[in-house]
Amino acid sequence: MSEFWLISAPGDKTNMQAWERMNTVTSKSNLSSNSKFHIPDLKVGTLDALVGLSDELGKLDSFAESVIKKIAQYIGEVMEDSKDKVQENLLANGVDLISYLTRFEWDMAKYPIKQPLKNISEALAKQVTQIEADLKTRSAAYNNIKGNLQSLEKKTMGNLLTRTLADIVHKEDFVLNSEYLITLLVVVPKSSYVQWQKTYESLSDMVVPRSTKMIAEDAEGGLFTVTLFRKVMDDFKAKARENRFIVREFYYDEKELKCEKEELMKLASDKKQQYWQPLLPACLSTSLRNGFIIPTVSGELHLAHKTEAWEQKHDLPKGPLLRWLKVNFSEAFVAWIHVKALRVFVESVLRYGLPVNFQAMLLQPNRKSVKRLRDVLNVVFKHLDEVAAASIMDPGMDIPGLQLSNQEYYPYVYFKIDLSLLD
């Protein structure tokens, strides 16, 4: 289960005994996996500042979560040929998300704890906002490449009446640079092949005898060449149409065809080079999926690890977009978990008062025991807020002044962390 509960309760002796009781019950019944969540001694500031910051952090929490989900989903788009490998590319500080979360340590260098809480909050907000802005810019550029490529690729699909002919025709199929003659391309239905061969020379005057040949075929028909005098071209087209032979409006231009092919190849290359797949560990008898096989003098296979030095040595595509997405996913995720830590600190001080003394705990509920775990927590910590606990145990109770309809409220501080970022 990728859902975690980040909770806190006072750290005095009585409540530490409650923690032990909760740990004992949850472990014996296999309700959850628990670990302490370490939050440093932050500067408290004034009560008014904490109240205002509580609201701001709630908004920042939602915003940061939305940004990391956008990045995660965009990594899936960029890795369209390897969607099953997306999750393993979602890392935080080089480790998987669950490991980072369960072993969380405050980044003292990036978010110094001697500064006011509001400063830390603003630094986090600025960082996540910049990542989102950069994501919009980079995704727009990638989508432009992808859209242009799709437009060109569509031209290579469809039937012979609509698709591009750049990858079908060859110079030798045409009479070129003639003042009098021209070669036309005609799409003939499969059922009319015999009729075409019998009648094409007589559809108009001045058709070169035996000048037709089929150069391509699809499920519906064939593409035939025919050579005739330029001055009868319009008459030939009209007669051909009457017989259900469609003349394609195509004139061989070697430079134009070359440009079209090069543009398609360039766009495909540009799109491909936005990501680079590291090799998967595999033995020689196993095919390597979506990776590069690097032969050495001895003929052995070496696994390519995504490092700057390795890429430079072997001159492989660097995957600028995928690298940026992975780096900034990590940055945004780390920032998000620091926001969660800030929220726990602020809410714990507001709820339990001064001096600051609380214990934060990270719980990973067993999927089948969520309700049971919630009941255990409410029983263990109901002494922290008897009124709220009573309303939770009996949802039908109407307690004046307690607004629980639009938010989750429990006797203990609680925040959910959902790592299902690709759903």
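**Sheets, helices and nonpolar cores of the predicted model**

Strand β5 (residues 181-189) runs antiparallel to β8, and three bridges join the two. Strands and helices are DSSP runs numbered from the N terminus, strands (E) having at least two residues and helices (H or I) at least four; two strands are taken to pair if DSSP finds at least two bridges between them. The structure is a predicted model, in which local features need pLDDT of at least 70 and side-chain atom pairs count only at pLDDT 80 or more, whereas totals for chains, interfaces and linings use all residues. Residues are numbered from 1 along each chain as its sequence is written, and side-chain values use heavy atoms, with hydrogens and water left out.

Within the β5-β8 pairing, L185 has R248 in β8 as its bridge partner. These strands belong to an open, antiparallel sheet of four strands with the order β6-β7-β5-β8. Because β6 (213-217) and β8 (246-248) stand at the edges with a single partner strand each, one side of each is left without a neighbour in the sheet. Neighbouring strands of this sheet are turned by 35° against each other on average, direction ignored; axes are lines fitted to C-alpha atoms, for helices over the stretch in contact, and angles between N-to-C directions run from 0 to 180 degrees.

A further open sheet of four strands, also with antiparallel pairing, has the order β2-β11-β1-β12. Its edges are β2 (32-36) and β12, each with a single partner strand, so one side of each has no neighbour in the sheet. The average turn between neighbouring strands is 25° here, direction ignored. Six bridges join the antiparallel strands β1 and β11, and A9 stands opposite Q359 in β11. Helix α1 (residues 13-28) lies across β1, β2 and β11 and runs at about 10° to β11.

In total, the chain contains 11 helices and 12 strands. Of its 423 residues, 43% count as buried, a term that denotes under 20% relative accessible area (exposed being over 50% and partly exposed in between; 1.4 Å probe, protein chains only). Contacts, defined by heavy atoms within 4.5 Å, were examined between residues at least 6 apart in sequence, and 77% of these join residues at least 24 apart.

Helix α9 (residues 320-352) has 33 residues and should span 48 Å at 1.5 Å a residue, which agrees with the 48 Å between its end C-alpha atoms. The expected span is 1.5 Å times one less than the number of residues. Of the 33 residues of α9, 26 are buried, and G353, just after the helix, takes a positive phi of about 80°. Helix α10 (residues 370-381), with 12 residues, reaches 17 Å from its first C-alpha to its last, close to the 16 Å expected. Buried residues in α10 include L373, V376, L377 and F381.

The largest nonpolar core has 60 residues, and F37, F329 and F333 have the most contacts inside it. Such a core is a set of buried Ala, Val, Leu, Ile, Met, Phe, Trp, Tyr and Cys residues joined through side-chain atoms within 4.5 Å. Two or more residues are given to this core by each of β1 (3-10), α2 (47-78), α3 (97-102), α4 (117-155), α9, β11 (358-365) and β12 (413-418). Its largest share, 18 residues, comes from α9. Leaving aside residues up to four places away in sequence, F333 touches I68, A92, L97, Y100 and L419. Apart from this core lies another, of 18 residues, among them V188, Y193, L228 and V247.

A search of the whole structure finds 20 aromatic pairs. Rings of Phe, Tyr and Trp (its six-membered ring) pair if their centres lie within 6.5 Å, and planes under 30 degrees apart count as stacked, over 60 as edge-to-face and the rest as tilted. The rings of Y100 and F104 have centres 6.0 Å apart and planes at 85°, so this pair is edge-to-face. Y100 is buried at a relative accessible area of 8%, and F104 is buried at 3%. The rings of W196 and F224 have centres 6.0 Å apart and planes at 50°, so this pair is tilted. Because W196 lies in helix α5 (residues 193-199) and F224 in strand β7 (residues 221-229), the pair ties together parts that are 28 residues apart in sequence. Both W196 and F224 are buried. Ring pairs also link W5, W19, F381, Y410, Y412 and Y414 into a cluster.
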